[in-house]
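Reader: I've got the model open on my bench screen. Can you walk me through it?

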There are 2 protein chains.
Amino acid sequence: MQITSRFTIAIHSIALIECNKDMKVTSNIIAGSTNVNPVIVRGVLSQLKEAGIIHSRQGASGITLARPLDQITFYDIYKAVDSVKDEGLFHFHEHPNPDCPVGRNIHAATDSRLTQIQTTMENEMKQIKLSDVVSDVQMNIKEGN
Amino acid sequence: MQITSRFTIAIHSIALIECNKDMKVTSNIIAGSTNVNPVIVRGVLSQLKEAGIIHSRQGASGITLARPLDQITFYDIYKAVDSVKDEGLFHFHEHPNPDCPVGRNIHAATDSRLTQIQTTMENEMKQIKLSDVVSDVQMNIKEGN
DNA sequence: CCACTTGTCATATGATATATTATAAGTATC
DNA sequence: GATACTTATAATATATCATATGACAAGTGG
């Protein structure tokens with residue numbers, strides 16, 4: 001099991017937009033840099049737009065950021081691209097036997113702990129800003145990488 | 001995306017074994033309580049056995065725990081059933097364009113942060129013991145649930 | 001010997017992620 | 001305003017993986 005690559009595609013896209021803010025960055029350019037199908041890229045961009053992270057206009061060329069990089073966290077992106085659905089990070093087997101004492105109580109006894117783990121992970125994501133990633137990328141480029 | 005139900009199946013199985021330690025708990029009984037196919041259950045049990053969490057013998061009826069419940073954490077189980085493969089929790093799009101400065105540096109700039117998030121989640125899992133879950137289950141049963 | 005168990009293989013089914021084709025609709029430039 | 005390019009999205013195909021299922025091997029204990 002893995003969290004969908006839409007998440008890292010979104011991170012990559014935002015970094016690319018920022019690093020090329022002096023020119024028009026199109027969805028096709030992003031598709032070329034990520035090596036991901038343009039339709040998938042546009043789907044991700046569409047979600048980022050809906051979340052208020054980027055701006056785009058149908059027909060008008062160029063994607064731009066809607067707010068400064070230090071105000072975009074991994075959590076914002078994770079939520080925007082719907083990395084983990086509402087059912088939660090953990091998949092509980094669906095029909096424990098209600099006729100078994102353990103079967104009918106295991107869900108209640110486990111759920112809060114699973115939620116706690118997921119929340120801890122999400123809180124960690126809130127600590128990481130896109131500015132962190134982009135400054136690393138730019139540093140590496142400057143060093144000739 | 002969700003973490004495979006093998007994880008919660010394993011938790012359920014261990015709780016069931018503990019709560020019925022006075023009788024023989026077979027893989028079929030576990031399959032009945034979890035409402036999961038017996039072959040899947042045996043696969044999970046096989047992984048728990050390999051991780052040293054349970055005991056079982058081919059032909060001999062009954063699964064038993066290999067160590068006390070307070071010495072089994074969610075992390076132990078998560079690792080045992082291979083919830084997240086070696087590639088990591090996050091799926092990075094596979095072929096960023098090496099001819100693009102951002103494309104060839106995004107991986108290096110992002111990886112450590114993704115690992116950090118995963119590690120935080122796994123550390124939280126180490127804090128939760130099976131004894132916590134089982135005592136909640138038993139409490140609920142006593143209360144008539 | 002026999003009923004039952006653990007253990008495993010091979011295959012089927014179902015769900016989901018990504019890729020692809022096609023097309024609608026808006027923008028900007030000539 | 002015709003044209004080339006863009007964003008946007010629907011419909012479908014492909015690939016991968018999780019779970020279910022059927023079959024059977026091999027061990028146990030009465």
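Reader: How do the residues of the surface near DNA strand C divide into nonpolar, polar and charged?

Author: This is a predicted model, where local features need pLDDT of at least 70, side-chain atom pairs count only at pLDDT 80 or more, and totals for chains, interfaces and linings use all residues. Residues are numbered from 1 along each chain as its sequence is written, with chains lettered from A and ligands numbered from 1 in the order in which they are written. Near means that a residue's C-beta atom, placed from the backbone, lies within 6 Å of the strand. Ala, Val, Leu, Ile, Met, Phe, Trp, Tyr, Cys and Pro count as nonpolar, Asp, Glu, Lys and Arg as charged, and the others, Gly among them, as polar, and the split here is 8 nonpolar, 16 polar and 4 charged.

Reader: Which element brings the largest share of that surface near DNA strand C?

Author: Helices (H or I, at least four residues) and strands (E, at least two) are DSSP runs, numbered from the N terminus. Chain B has α2, α3 and β2 each supplying at least two residues, as does α3 of chain A. The largest share, 6 residues, belongs to α3(B).

Reader: How are α1(B) and α3(B) set, roughly parallel or roughly perpendicular?

Author: Their axes (lines fitted to C-alpha atoms over the stretch in contact, with angles from 0 to 180 degrees between N-to-C directions) sit 10 Å apart at about 75 degrees. Angles under 35 degrees count as roughly parallel, over 145 as roughly antiparallel, 65 to 115 as roughly perpendicular and the rest as oblique. So α1(B) and α3(B) are roughly perpendicular.
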